[in-house]
Structures are given as structure tokens and as C-alpha cells.
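The exercises below are meant to be worked through with the sequence and the model side by side. Try each task before reading its solution.

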Amino acid sequence: MNTTISSFAEYLQNIPEESKPKLLELMAIIKEAVPQAEEGISYGIPTYKYLGGLVAVGATKKHVAFYVMSNSVLNHFENQLMGMDYTTGTIRFRFDAVLPKNLIQEIVKIRVEDNEYIDSQRKTKKK
């Protein structure tokens, strides 16, 4: 984890060349799903924020990762995730994989709903 990286552009300059096309594709899918999300770096990786941390992405020499930033969201998609490389909060995509655009966008939209609910609860408690 390189915590000195401060922007998406800087992150992209520091990842393996072979991972860039797939990572850029993943980033475009996320941005299309939630154009109002702010882009930032958190824990050294590109993170999308909307009323708090939403999702993040990362790259290695073998795959790109989609970090859902929730331990429960992927449980709702177990059938759609069959055959994919995933854990509780991360989906990994090999460079030769076709990104499941609809699935990624559904996950992002659920995370938006989660953050909106949490934000509304915070506001209710402040009153």
C-alpha cells in the first residue's frame, strides 16, 4: 500500500501497464453508475466517495480489484458471482475477463442506497 499517492492520475502512473486498460474500464463503469461521486485516494488506492466511502478499485500484475467497502452487499449477488474470484468485500477481475457492467453498477447503486440511508439516520439523530 502506497499512502503517498494523492490522485487517480498518480495511481495510474504507478501500476503495471498491463492492468491499466481493465482498471480504466472498471473506473468508467463506476463513474457512469454514480457520476456525482467524488474521486479520491484512500489507503493508497482510488476511492469513490458519496456521503462517505462508496467503492474503491486497485490493480496488480494479475488482476484488477473492485472493493465494495461493505461486508454484506456481495451476499445479495451470490448467484451472479458464481465462477468469479471474490471474497466478502472484493471482486477480482483478470485482464482477459469481460467486466459484468450491469452487476458492477447494481452493486454501486446498492452502496449509494446504503450511504444515503446511513446519512439520513445520522441527520435524524442530530435533530
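**Exercise 1. The chain as a whole**

What percentage of the 127 residues of the chain count as buried? Work this out for the predicted model, and then describe the overall dimensions of the chain.

*Solution.* Begin with burial, where a residue counts as buried if its relative accessible area is under 20%; by this cut-off, 43% of the 127 residues are buried. Next, turn to the surface, of which the chain exposes about 7,500 Å², with carbon and sulfur atoms supplying 50% of that area. Then consider the extent of the C-alpha trace, which spans about 50 × 35 × 25 Å along its principal axes. Finally, compare the radius of gyration with the expectation for a compact globule: for 127 residues the expected value is near 14 Å, and the chain has 15 Å, which agrees.

**Exercise 2. From elements to sheet**

List the helices and strands in their order along the chain, and then find which strands stand at the edges of the sheet.

*Solution.* The first step is to count the elements, which gives four helices and six strands. Reading from the N terminus, they follow the pattern α-α-β-β-β-β-α-β-β-α. The second step is to arrange the strands in space, where they form an open sheet of six with antiparallel pairing, in the order β1-β2-β3-β4-β6-β5. The third step follows from that order: β1 (38-42) and β5 (85-86) each have a single partner strand, so they stand at the edges and one side of each is left without a neighbour in the sheet.

**Exercise 3. The surroundings of β3**

Strand β3 has pairing partners on the sheet that can be traced bridge by bridge; describe how β3 is joined to β2 and to β4.

*Solution.* Start with β2 (residues 45-49), which pairs with β3 (residues 53-59) in the antiparallel sense over three bridges. One residue pair to locate here is T47 with its bridge partner A56 in β3. The hairpin of β2 and β3 has three residues between the strands, and in this hairpin L51 takes a positive phi near 55 degrees. Now move to β4 (residues 63-67), which runs antiparallel to β3 and is joined to it by four bridges. Here V57 has F66 in β4 as its bridge partner, and the hairpin that links β3 to β4 does so through three residues. As a last step, look at how far β3 is covered: six of its seven residues are buried.

**Exercise 4. Two residues of helix α4**

Is R111 buried or exposed, and is N102 buried or exposed? Use the relative accessible areas to decide, and then look for residues distant in sequence that lie around each one.

*Solution.* Both residues can be found in helix α4, since R111 lies within its span of residues 101-126 and N102 belongs to the helix as well. For R111, the relative accessible area is 5%, and therefore R111 is buried. Leaving aside neighbours within four places in sequence, R111 is in contact with G53, L54, V55, V68, M69, S70 and V73. For N102, the relative accessible area is 59%, so N102 is exposed. The separation of N102 and A33 completes the solution: these two are 69 residues apart in sequence, while their C-alpha atoms are 9.4 Å apart in space.

Conventions. Residues are numbered from 1 along each chain as its sequence is written. This is a predicted model: local features need pLDDT of at least 70, side-chain atom pairs count only at pLDDT 80 or more; totals for chains, interfaces and linings use all residues. Side-chain values use heavy atoms; hydrogens and water are left out. Helices (H or I, at least four residues) and strands (E, at least two) are DSSP runs, numbered from the N terminus. The radius of gyration is taken over C-alpha atoms; the globule rule is 2.2 Å times the number of residues to the power 0.38. Buried means under 20% relative accessible area, exposed over 50%, partly exposed in between (1.4 Å probe, protein chains only). Accessible areas come from the Shrake-Rupley method with a 1.4 Å probe; for residues, only the protein chains shown count as cover. Two strands pair if DSSP finds at least two bridges between them. Contact means heavy atoms within 4.5 Å.
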